[in-house]
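Biologist: Could you take me through this model slowly, feature by feature, giving the general idea before the particular case?

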Amino acid sequence: MTSDRAYTVAVLPGDGIGPEVTREAVAAVDAAGAAHGFHVRWSTHDFGGVAIDRHGPPLPDATLAACRAADAVLLGAVGGPRWVGGAETPETGLLAIRKALGLFANLRPARVDDPALSPLKAGIAAGADVLVVRELTGGLYFGDKVEGDEEASDLCRYSRGEVERIAHVAFKAARDRRGRVTSVDKANVLATSRLWRRVVTAVAADYPDVALDHMYVDAAAMALVTGPTRFDVILTENLFGDILSDALSVLPGSIGLLGSASLGDGGPGMFEPIHGSAPDIAGEDRASPAGAIEAAAMMLDQLGETRAAGALRQAVAEAIAGGVRTPDLGGTARCSAFGAAVRGRIDAAARVAA
Ligand SMILES: NC(=O)C1=CN([C@@H]2O[C@H](COP(=O)(O)OP(=O)(O)OC[C@H]3O[C@@H](n4cnc5c(N)ncnc54)[C@H](O)[C@@H]3O)[C@@H](O)[C@H]2O)C=CC1
Ligand SMILES: CC(C)CC(=O)C(=O)O
Ligand SMILES: [Mg+2]
């Protein structure tokens with residue numbers, strides 16, 4: 001098929017398993033592009049620990065400029081023990097790029113296709129289908145810090161406007177799903193959470209067709225692993241969303257399965273798996289690239305290539321159902337072999353459709 005649509009994507013492989021999983025995501029998108037009539041112009045840039053080693057800062061100006069100029073950004077993961085304790089770390093680079101691109105909304109979906117892959121009892125995990133909508137550029141991660149040997153503090157701050165805009169994202173997402181938002185906070189203790197709850201409740205008035213309830217984060221953490229089917233969209237702030245979404249990954253069976261989209265007001269979105277750089281398995285070709293491929297599917301959705309996005313998801317689901325499983329899911333498949341299996345299924349589906 002000829003390529004009549006073209007996109008520019010900045011790839012930031014990053015550190016640890018980042019380059020391994022990103023390689024497979026890029027190859028999967030290329031296979032889907034060949035099958036569905038579009039072409040991606042990829043450019044690769046240093047970001048994270050690798051950028052510290054080569055250039056000094058974790059987010060070099062040239063990397064940020066390339067991201068701003070792209071239609072989308074595909075990120076692997078950053079971080080690792082060798083950069084801990086530096087003045088600038090891979091993680092400060094990650095926060096900086098989210099802020100610089102205005103990516104205030106982080107969407108992290110998880111669906112249980114096969115409850116047998118979940119470490120939870122099948123009766124608990126079966127049917128779970130949850131979207132975490134996490135505020136990404138406010139809260140504790142971005143507040144003023146005091147870092148001393150005897151005392152330290154991190155300021156948690158939210159404004160009405162910051163809560164309103166992420167609440168709208170969650171309510172709109174719920175309209176396309178099962179019409180329920182659970183806002184998660186710690187309003188029994190935190191002033192920011194009380195503001196959060198008031199603002200979310202006010203925004204809910206614009207969405208009479210969406211049901212809203214509120215939960216404290218401690219209870220939500222328990223409910224996520226004891227009764228996850230009660231949730232549709234979970235709306236929450238930055239730190240709580242970071243923690244709850246790792247817990248969410250237990251439902252389908254592995255953190256290696258989940259992708260995410262970080263979106264702002266119209267500029268390029270950034271798409272990444274929810275996991276980190278996994279230094280414990282880096283370089284061994286045993287990471288699951290499924291989360292990175294799901295992130296790439298979310299990117300294709302955002303670019304309007306929804307059929308190709310569906311092809312990626314179907315290929316991943318078929319590969320796993322067919323027994324191609326990386327060690328995190330109890331299998332022996334290599335990261336590269338899983339990627340090849342996904343590409344094979346994308347090609348096969350295209351041949352059937354032709
Ligand atoms: N978006 C990003 O770039 C993120 C970066 N990090 C950074 O990553 C580094 C490592 O952090 P950790 O706390 O160890 O979290 P992690 O998510 O990297 O790893 C946690 C556990 O999950 C496993 N795991 C992660 N991804 C996997 C995959 N695709 N397939 C199979 N198993 C996988 C790892 O082997 C490890 O046992 C740190 O420097 C951290 O700051 C952490 C989270 C997000
Ligand atoms: C490494 C942190 C800055 C972020 C994180 O853990 C995440 O976004 O999941
Ligand atoms: Mg995290």
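Biologist: How many nonpolar, polar and charged residues does the shell around ligand 1 have?

Modeller: A shell is read by sorting its residues into classes, and here, in what is a predicted model, the shell around ligand 1 has 10 nonpolar, eight polar and four charged residues. Among the 22 residues around this ligand, those that come nearest are G79, G256, H275, G276 and A278.

Biologist: Which residues are around ligand 2?

Modeller: The same kind of reading applies, with a list in place of a tally: E91, L94, L95, D242 and I274 are the residues around ligand 2. By class that shell has three nonpolar and two charged residues, with no polar ones, and helix α4, spanning residues 90-100, gives the most to it, with three residues.

Biologist: In what order do the strands of the open sheet lie?

Modeller: A sheet is read from one edge to the other, strand by strand, and in this open sheet the 10 strands follow the order β2-β1-β3-β12-β11-β4-β5-β10-β8-β9, with mixed pairing. The edges are held by β2 (38-44) and β9 (211-216), and each of these has a single partner strand, so one side of each is left without a neighbour in the sheet. Direction ignored, neighbouring strands of the sheet are turned by 25° against each other on average.

Biologist: In which sense do β11 and β12 pair?

Modeller: For a pair of strands one asks about sense and bridges: β11 (residues 259-263) and β12 (residues 269-273) pair in the antiparallel sense over four bridges, and G259 has P273 in β12 as its bridge partner.

Biologist: Which strands does helix α6 touch as it packs on the sheet?

Modeller: For a packed helix one lists the strands it touches and then gives an angle. Helix α6 (residues 160-175) touches β4 (105-111), β5 (129-135), β8 (180-185) and β10 (233-236), and its direction makes about 165° with that of β5. Helix α7 (residues 191-204), for its part, lies across β8, β9 and β10 and runs at about 165° to β8.

Biologist: What mean pLDDT does the protein have?

Modeller: Confidence is read for the protein and for the complex: the mean pLDDT of the protein is 97, with 99% of its residues reaching 70 or more, while the predictor gives the complex an ipTM of 0.99 and a pTM of 0.98.

Technical notes:
Residues are numbered from 1 along each chain as its sequence is written. Chains are lettered from A and ligands numbered from 1 in the order in which they are written. This is a predicted model: local features need pLDDT of at least 70, side-chain atom pairs count only at pLDDT 80 or more; totals for chains, interfaces and linings use all residues. pLDDT is the predictor's confidence in each residue, from 0 to 100. Two strands pair if DSSP finds at least two bridges between them. Helices (H or I, at least four residues) and strands (E, at least two) are DSSP runs, numbered from the N terminus. Axes are lines fitted to C-alpha atoms, for helices over the stretch in contact, and angles run from 0 to 180 degrees between N-to-C directions. Two residues are in contact if their C-beta atoms, placed from the backbone, lie within 7 Å. A residue is near a molecule or strand if its C-beta atom, placed from the backbone, lies within 6 Å of it. Ala, Val, Leu, Ile, Met, Phe, Trp, Tyr, Cys and Pro count as nonpolar, Asp, Glu, Lys and Arg as charged, and the others, Gly among them, as polar.
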